[in-house]
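Q: I would like to go through a structure with you. May I ask some short questions about it?
A: Certainly. Please show it first.

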Amino acid sequence: MIRLQALTKTYATPKGSVSAVDRVSLEVHEGETCVLLGPSGCGKTTTLRMINRLVVPTSGKIFLNGRDTDSVDPVELRRGIGYVIQQIGLFPNMTVAENIGVVPRLLGWDAVRRRRRAEELLSLLALPPADCADRYPNELSGGHAQRIGVARARAVDPPVLLMDEPFAALDPVNREAIQDEFLRMQRTLRKTILFVSHDIDEAVKMADRIAIFHAGRLVQFAPPDELLAHPADTFVAGFVGSDRTLKRLRLIRVREVLAPVGDRTFAMNAPHVSPDDDLRRVAALFLEHGNESLVCVDSSSRVLGVVTREAIAQRLALQDAQ
Amino acid sequence: MTASSVPARSRLPYWVLLAIALALTWGLYASGLAADILRYKKDIAYLIRQHLMLVAVSGSAAIVFGIGIGIWLSRPWLARWAEAAIQAVNMLTSIPTLGKLALMMSFLGIGPLPAIVGLWIATLLPIIRNTYEGIRVVPSHLVDAARGMGMGATAILWRVEVPNALFVILAGVRTAMAVNVGTAPIAFLIGGGGLGELIFTGIDLQQHGMMLAGAIPTALLAVAVDFLFGQAQYWLVPRGVNPLRDA
């Protein structure tokens, strides 16, 4: 879907040329969320901005759906790609509905159709359109503004979204909520998403695959579990943190490590988990109660199996063995 | 915060002004000056037309050129020279308006033309400066978002930059027009005509009635012009970026 080929950007400075992005090649599949991750100044944002040609590459190619983006008029190209930035960038002189209607208007939709689309997107966000559509951005909370920023990027239903640290300016509670909403949306919409972040936790949560950047180079491109299990070098290991095993636990659901109950017995009031809990919660309960195993029950209190320390260790080793 | 407090806040000065005007009118009649003033009815009617012509021509030309030049200076390809140009504008602004009129007279002789050109320049400069500054302080991430969404340069200018700068631009226009109507009477000194004729002649002859016959319409014109551009600021600037209209 998106293929970067030896993409390079160098800037001329008084001290000679500096490469911001150095021969980056990667391919993002249709429907995949790829997080570009790294410390500031590592070239992740520049890479993102080269895809919609806000930054013109020094060399290298970008293919979108097999088409070389050099051959497309940049303005046309951008209208077909959703773009979300950290500062949200809602236009304060326009109402919410007008903001969502910006790209539709550029594409020549009439006012009725623009309005209908804005109301549709607002109701998808569970924001009552009657209440919200004619407000101005300065009347919105940060969380609402960011949700509308994402809705605006989706206005003409582009297959590709570029998101530049979209949730970085939100408080932690709001950020979690919006991330969860976004993941739910992505499960049904299956957009191809490039997402810039400097937050490893966010990357692990959102990404199908993570591309780690360091000093303009792509140092590792792997699914979160693999990245956490096998950091490619000391930089990646340092960046993902010494608690990377704990972070991996978050990626694994209880249902993946269930064992049969066997002859174990459990007290009725013993702590239990549900099959969709992640293993971080299991680990927390182990530590809190000193257990070796926990029973897993479904929503109708039916016992599905147990999760044990060995099973978890085996599951972690599975990735290690690969 | 409430919607009702807003009109109250912006209307109050005009009510106060109206009360003062009524009191002054009463004072004029009581002292017999009103009859004195009304002797110049014909002159007033003739000179007001001349005066309004000076203000309207120089003012509208200044608004058109000032906003145009301000926008032009704010374009990225002029960024290198824009600051220097604005410095020059600031220097020219600091020349007293009477000086500007005198300079115009030495280039263009006497009559309405040098007066109009002089007023035009005096009005132009604050508009250029505010337009340029207003556009310059539009947050760069808005322009970035607009570009990233596929707006062309013209769409960015008219849908993002100008609407977000409009309050500052119109503030410049309002100030500039206050300078314009405040200076217009001086046009008489270089043969431009207008209500200055009654004011200055009245002063020279110590005819209070004549002087007031020029001064009162001038003052009313100043109030009316300020009111007009205040209203323009209130109604033309989008609500989301209009400090006069609380969200």
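Q: How many Å separate the centres of domain 1 of chain A and domain 2 of chain A?
A: This is a predicted model. In it, the two domain centres of chain A, taken over C-alpha atoms, are separated by 34 Å.

Q: Which residues belong to each domain of chain A?
A: The assignment gives 2–90 + 140–249 for domain 1 and 252–321 for domain 2.

Q: How many residues of the two domains are in contact?
A: In chain A, 7 residues of domain 1 are in contact with 8 residues of domain 2. On the domain 1 side, helix 10 (224–229) and helix 12 (244–251) of chain A each give two or more residues. Helix 12 of chain A provides the largest share, 4 residues.

Q: And what classes of residue are on that side of domain 1?
A: That side has 3 nonpolar, 1 polar and 3 charged residues.

Q: Changing topic: how many residues of chain A are in contact with chain B?
A: There are 20 residues of chain A in contact with 19 residues of chain B. Helix 2 (74–79), strand 6 (81–85) and helix 4 (102–106) of chain A each give two or more residues to the chain A side. By class, that side has 12 nonpolar, 5 polar and 3 charged residues.

Q: One more topic. What is the phi of Ala6(A)?
A: Ala6(A) is not a glycine, yet its phi is positive, about 45 degrees. Most residues other than glycine have a negative phi. Ala6(A) lies in strand 1 (residues 2–13) of chain A.

Q: Is Ala6(A) buried or exposed, and why?
A: Ala6(A) counts as exposed because it has 12 C-beta neighbours inside 10 Å, and the cut-off for exposed is 12 or fewer.

Terms used:
Residues are numbered from 1 along each chain as its sequence is written. Chains are lettered from A and ligands numbered from 1 in the order in which they are written. This is a predicted model: local features need pLDDT of at least 70, side-chain atom pairs count only at pLDDT 80 or more; totals for chains, interfaces and linings use all residues. Ala, Val, Leu, Ile, Met, Phe, Trp, Tyr, Cys and Pro count as nonpolar, Asp, Glu, Lys and Arg as charged, and the others, Gly among them, as polar. Domain bounds come from an automatic or database domain assignment. A residue is buried if 20 or more other C-beta atoms lie within 10 Å of its own, exposed if 12 or fewer, and partly exposed in between; C-beta atoms are placed from the backbone.
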